[in-house]
Every structure is written in structure tokens, then in C-alpha cells.
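Student: Hi! Could you walk me through this one with me? I'll just throw questions at you as they come up.

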Amino acid sequence: MDAPVLAVRDLSKRYGRQQALAGVELEVAAGQLVGLLGPNGAGKSTLTKIACGLVRPSGGGVEVLGQPAGSPRARAALGYLAELFRFPGWCTAEELLRLHQRLAGSGGGETERRELLELVDLGAAAGKRVEAMSKGMQQRLGVAQALVGSPRLLLLDEPTSALDPVGRRIVRELLEELRRRGVSVLLNSHLLSEVELVCDHVAIIAAGRLVKAGTPAELAGPGAVEVETGSGVRTFEGATREEAPRIVADLVAAGESVYRVEVRHSSLEDVYLEAVGGQTG
Amino acid sequence: MSASLRSAATVVGLSIQEGIRKRVFLAVLVLTAGFLALYGLGAHFAFRDVEGFAAGETEILDPRAFTGATIFGLAMFATLFLGAVLAVFLTLGVVRGDAESGLLQPIVVRPIGRTTMLVARFVGAASLSAAYVLIVYFAAYALTQATGGWSPDHLFGPALGLALAVAIIAALSLLASTMLSVTAQGIVVFMVFGAGLTAGLLAQIGRALNSDSLHSIGRVASWALPFEGLYAASLHALISGTSGLTGVVLQLGPFGGSEAAGAGLIAWAFAYLVGVVALAAFIFSRRDL
């Protein structure tokens, strides 16, 4: 098996008396899209910042492609979009990407800049100054900026928080495209539906600890089969879709009249709420 | 050119571009134009009036040298002040302020490295401030020459002294930006600037009153904040070749430096500059963003 693109080992971070992260373990494989969920203040942004070298861990460590997080080689391999970011207002979209190309040592030139702007639907805004852009446009420009230099790992902290539904769809399609290209993505988001739609793997953090991890299907787990019979609605908790015909057959054999059958899945939202225990930041 | 140097050059360019596009830069340019216009006018009348006033007394006091050195000393003070304002504003919020607004993170995560980034920001701000100071200094000199035909005893040394002084102010401001919020940084650096100038005046007064204690206090403070020592030495260099009563009166005046720079001060100023930038880089490297 290939070495993970991002490996988080027993990571802890303390800000004064506040324990932001405690013993977190997480891996992102090549081409994998991992969603990081958790309430405000759970430690998601801290984890992302440690991965890109903005914050120093108190214990444990993070490696990017086998290099310690924060080292020049690790930073050269990643792209990052912070939750709170600002670009110089006087820069045009094109100038900003050119600046980041120079900083990232990218030789992509104008072709890369044009392709990235097209990718986030800002092809027509190449000459527009950042200060004249809406928050949503700036956020999409931020995603394009993070992709400068074709990073192997993309760390996105709430990349769709300021986007309207169309903007979200653009980013979602972009993430799917990145997965096709083999780019690994760690996506911090509050939007469970979005994570459920695009992510291969989900990790839930609460109070600095990893409380649940797995594929969306694994996390969602078996739900229930609900059957409306002549004597009322009967729910078979834990039953799967495959068991539904047998349940119906048993009921009919027992003399019940069956009017409706519904297979229910526990949603990621149910799993999330159960995992974080109703915590909110 | 290595990748690191290329990135550093990019950040230097970014700092200069950012500085030029800041409104404060435009304000400084307008103020400078106003100052130079007033200075030219003032120099013209000062030379004309003092020449008439001092007729017959030129044997003991050279009116042209006295007027030229005094008003050019005033111009140097204004140049240092405006240069300091520019240096502080160009480095305002460079670390903590930009980190809080989210401007810093997209750049810091690039492979450039924090130390290179900080040094590049310093180079950008210091070179712009120093260039500004040199331009204003030589413009004031040209006006003094044109209106009164007076030239300082040394022309280039004082210019370089002022340029180094504003570079030190830029370094101190950068250091403050690693620890303080934008407002606190501005207040602290201007207070330090004021304290340095006050220390210089103390040394000057101590010398005039022949008070060794006052002179020593002023000198120690000047070395602790060497931009003041450089400024005083630059003033001294203007008139270092002026002898007789004119030289004595000028040295004791508010714009007459009594201390020569010497190799010690220059070496100390460079070491101080490097030390301050290194300390800023060390604090920045350990700071969570």
C-alpha cells in the first residue's frame, strides 16, 4: 500500500490551558477526499493549520508525503485555503495567481492561470481587482490560488462558507475533478450534505478528539425498515434493504395486510449529532 | 537565481507595490511636496534677510553658512520624521495585523519560509523608506544650493546616515509587528522614535551646559536607539569643517550635531539592524498563525 499523502500521528495541541487537539490520528491516501467534521472549536482548523505549518503541534506530528509538516518540501506539496483569508485588494485575479506561481515556483505560466480561473468559473474576471469582487468570487479565487503549482494535497478550510448554491456546486464539481486527477483533499466543512456528497472518507472531531471515522456508508450504517400494516406502522430497527422482502413475507404469512414499505438509512447528520453529543461551538 | 531568492525578490516586489498603493504613501508624497515648496520659499527669504541683517558682522559669523546649516538641519529633521512615518506605515501590521486579517497565511504556507519572508518584507519597506529619504534630502539640498548657494561640508555621508536611520526604524517597527496589534505597534514605535530624539536633545543640552551626566545619559540612550545617533552624526557632518564662532554656534544649535559618527557607531548601527531583524525573525518563526 502506498504511503499516505497526509499522516497525522497522535497529534495534540494546547493553547495555554485549552486543549485544542488530543491524540488525533488521521490519514489521507492519494486521491482520497476526506471530510473533516466537527462543531466550532473542535480543533478542525487547528489540525489543518498544523498540517500546513502555520501552527506548531504540542505533541505528535504530521507528515505530508513523508516530510514533516511545515518543512519546505511539505509546503511545496500542498495547497491551502484558510477559513479566514484576505488577498491584497489592489491585485487582479490574474496578478494574484501570478504572485502565487512565483512563490510556489510553478512554471505553469499563463496556461495554468487561465485554466485555474476557468476551473472556478472566474475566466471572465481575470482582470478584475480583488476589492471589486464579491465574497463568493474571492472564495473561488482562493480555491484557484490553492491549486497553483498542482499540489498533491489540498487543505480546504470551509471553502464554501460564503458561496451561494451555484458557487457550491462549482466547488463540488471541482473537488470531483481533483479526485479524478489523483489530488488528495482534506475538506473542513460544516455542510454535512456536501461532505456526504463528495467525500470518500469522513472524520468527526469533537473537543479535540477523533470520535468517529469511516466512509459515509460505513458511518451511516444500517437504518431501519418501516412497514405500514393494517394494525399500524411497525419499525424493524437495524434491518437492511436486503431484509425487507423477508420481513414483508413474514408479515403477510402472519396474516397482516401490508400497505407500504420504506427502507430508512441513518443519515450522516444523525451520526454526526450522536458523535458530537449535541456540542456546538 | 535560486528558488528561495526568486521568492524573496517576489515578496520584496510585493511589499514595494503594496507600499506604493497604500493611501498613506500618497499622503506622504503630497506632504513632502508641500514641505519642499515651503522649504524652498523659507530658504529663499532666510538667505535674503540674514544676508542684509548680518552685513558688517561677517568677520565673526558667516551668515550664509549659519543660515544654510540651520535650515538644512531643519530639513534633515523633517526628512527623518517623514521617513520614519513612511517606514512605520510600510511595516504596520506586517506580522500580527496581517495574520489576524488572513493576508499572511496564503503566503506563509508557500515554500518561501518565514525568515526569508520577513527579511524580504523588511528589505521592501526599508529600501522604499531609504529611497524616499535620499530623494527628499537631495531635493532639499538642491533647493538650499539654488536659493543660498550653500553646500554642507559633507554631502553624501549625512544622506547615507539618514537612510540607515530610517532602515533601523523600519526594523524596530517590524519587530513590534511580531508582538503587537496594529494600533499598539504604531503608538509604541512613534514613542520610541520620540524617546530617541529626546535623548539626542539631552546629549546636546548636556554638552552645551557642560554637564557630563546629562551628556552621558543622552549618549547611552542614543546608542540604545542608534537612529538618533546616526541623525546627530549626520547633522554634525554637515558642519564638521566649519570653524570659528560659526562652527561653535551651529554645533550648539537645535540642528547642529555635536557628535561625529565614527566607525564605532556605523558598525554598531549595522549590527543593531541585523540583531533587530534576527530577533523579529526568531519571534515570527515561533508564532502560531
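Tutor: Happy to. This is a predicted model, and a good place to begin is the open sheet of six strands in chain A, ordered β6-β7-β8-β3-β9-β10, with mixed pairing.

Student: Which strands stand at the edges of that sheet?

Tutor: Those are β6 (78–81) and β10 (209–214) of chain A. Each has a single partner strand, so one side of each is left without a neighbour in the sheet.

Student: And how much twist is there from one strand to the next?

Tutor: The average is 15° per step between strands.

Student: What about β9 and β10 of chain A, do they run parallel or antiparallel?

Tutor: Antiparallel: β9(A), residues 201–206, is joined to β10(A) by five bridges. Within that pair, A203(A) sits opposite A213(A).

Student: Which helix packs on the sheet?

Tutor: Helix α5 of chain A, residues 135–146, does, and it touches β6(A) and β7(A), the latter spanning 153–157. The direction of α5(A) makes about 165° with that of β6(A).

Student: OK, new topic. Where is P57(A) found?

Tutor: P57(A) lies in the loop of chain A between α1 (44–51) and β4 (59–64).

Student: Buried or exposed, and why?

Tutor: P57(A) counts as buried, because it has 24 C-beta neighbours inside 10 Å, and the cut-off for buried is 20 or more.

Student: Which residues does P57(A) touch?

Tutor: Leaving aside residues up to four places away in sequence, P57(A) touches L11(A), S12(A), K13(A), I50(A) and V62(A).

Student: How far apart are P57(A) and Q145(A)?

Tutor: They are 26 Å apart in space, C-alpha to C-alpha, and 88 residues apart in sequence.

Student: Zooming out, what domains does the assignment give for chain A?

Tutor: Domain 1 covers 6–218 and domain 2 covers 222–265. Their centres, taken over C-alpha atoms, are separated by 44 Å.

Student: Now the contact between the chains. How many residues come from each?

Tutor: Chain A gives 21 residues and chain B gives 21 residues. On the chain B side, α1 (3–21) and α5 (105–108) each supply at least two residues, and α1(B) has the largest share, with seven residues. By type, the chain B side divides into ten nonpolar, six polar and five charged residues.

Student: Last one: what about helix α10 of chain B?

Tutor: α10(B) runs over residues 226–239, 14 residues in all, and reaches 20 Å from its first C-alpha to its last, close to the 20 Å expected. The helix is mostly covered, with 14 of its 14 residues buried.

How values were computed. Residues are numbered from 1 along each chain as its sequence is written. Chains are lettered from A and ligands numbered from 1 in the order in which they are written. This is a predicted model: local features need pLDDT of at least 70, side-chain atom pairs count only at pLDDT 80 or more; totals for chains, interfaces and linings use all residues. Domain bounds come from an automatic or database domain assignment. Two residues are in contact if their C-beta atoms, placed from the backbone, lie within 7 Å. Helices (H or I, at least four residues) and strands (E, at least two) are DSSP runs, numbered from the N terminus. Ala, Val, Leu, Ile, Met, Phe, Trp, Tyr, Cys and Pro count as nonpolar, Asp, Glu, Lys and Arg as charged, and the others, Gly among them, as polar. A residue is buried if 20 or more other C-beta atoms lie within 10 Å of its own, exposed if 12 or fewer, and partly exposed in between; C-beta atoms are placed from the backbone. The expected span of a helix is 1.5 Å times one less than its number of residues. Two strands pair if DSSP finds at least two bridges between them. Axes are lines fitted to C-alpha atoms, for helices over the stretch in contact, and angles run from 0 to 180 degrees between N-to-C directions.
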